[in-house]
Amino acid sequence: MTLELLKRITDSLVDGDPDATVEGTRLALDAGLAPLTIISDGLVPGMEVVGDRFQTGEYFLPHLIIAASGMQQAMELLEPELKQRHEVVQRLGTVVIGTVQGDIHEIGKTLVATLLSAAGFQVYDLGVNVSAAEFVSKVRETNAGLLGLSALLTTTMTAQRQVIDALREAGIRDRVKVMVGGAPVSQEWTETIGADGYAEDAVGAVALAKNLVS
Ligand code: B12
């Protein structure tokens, strides 16, 4: 039953049927499945298949856009549930997060922001296509101890380095820990650009953030 529900969600993304994605997500929640299980075992596998098919030329941009819309609508249902399940009293720290300049991929970044907020961080989500100057200015304004930089394209990963350089030029690099992520990002890249940490997924991002502020 559980597996069937999750497979139904995965298939709906692959088939490009956002209504079915939302419906499947609602049914899975009603059946008592944890929101994180729905994301990691239902939605994310679907996005992976869509990405792979895009890469091999079987799918085109409209397929990506339709699947992303299904995933986003499902996330709108799941976000309040995620937050509700992690009632938190104390604030762990302040995080500024966004997707770097030139990059409009927002699903993974938003998922990381939602889980950080659910875990007790005060989160300022700057959205997508955020310039280095905007990141620097928000870190300064909020006195954030953590900065999260998301990049999904090999061509925009380099902007993560530019943000770190801009923090240094502004004289605030040592005041903020920088964590990076996104599909093309690796531990090796993290070390190359002098970031403070990398996580492969949103659950790992929360563990990393807690580690960096402790
Ligand atoms: C959906 C999607 C889109 C949607 C985005 C919609 C939206 N509102 O976000 C649209 C259709 C707009 C799109 C556009 C493009 N896309 Co696109 N897209 C994808 C796709 C299928 C899924 C991405 C996604 O949402 N994944 C689900 C989330 C949950 O996972 P995630 O993003 O990886 O995030 C997780 C981790 O990476 C990590 N994480 C993410 N950010 C952060 C930040 C921090 C701080 C930390 C710690 C962790 C972390 O945690 C997240 C949650 O677990 C991927 C394929 C793929 N499998 O990644 C291609 C993909 C990223 N896209 C690709 C391409 C080429 C493009 C376009 C250039 C296509 C074109 N020709 O126009 C444009 C670029 C536009 C731009 N300037 O940004 C390529 C990139 C290739 C490359 N190596 O550079 C991919 C890999 C597809 C492919 N296989 O070829 N895309």
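## Two domains and a ligand between them

Let's start with the overall layout: the centres of domain 1 and domain 2, taken over C-alpha atoms, are 25 Å apart. Keep in mind that this is a predicted model. Domain 1 covers 2-85 and domain 2 covers 93-213.

Where do the two halves meet? Eight residues of domain 1 are in contact with seven residues of domain 2. On the domain 1 side of that contact, H4 gives the largest share, with seven residues. As for chemistry, the domain 1 side that touches domain 2 splits into five nonpolar residues, one polar and two charged.

Now for the ligand. Domain 1 and domain 2 both contribute residues to the shell around the ligand, so the ligand lies between them. That shell counts 38 residues, and the closest ones are Gly51, Gly108, Gly148, Ser150 and Gly181.

Which elements supply at least two residues each to the shell? On the helix side you'll find H3 (35-55), H4 (61-85), H5 (107-119) and H9 (202-213). Two strands also make that list, S3 (146-150) and S4 (177-181). H3 provides the largest share of the shell, seven residues. H4 is worth a second look, as this helix supplies residues to the ligand shell and also gives the largest share of the domain 1 side that touches domain 2.

What is the shell made of in terms of nonpolar, polar and charged residues? Around the ligand there are 22 nonpolar residues, 11 polar ones and five that are charged.

Terms used. Residues numbered from 1 in each chain as written. Predicted model: local features only at pLDDT ≥ 70, side-chain atom pairs only at ≥ 80, totals over all residues. Near = placed C-beta within 6 Å. Helix = DSSP H or I, 4+ residues; strand = E, 2+ residues; numbered from the N terminus. Nonpolar A, V, L, I, M, F, W, Y, C, P; charged D, E, K, R; others polar. Domains from an automatic or database assignment. Contact = placed C-beta atoms within 7 Å.
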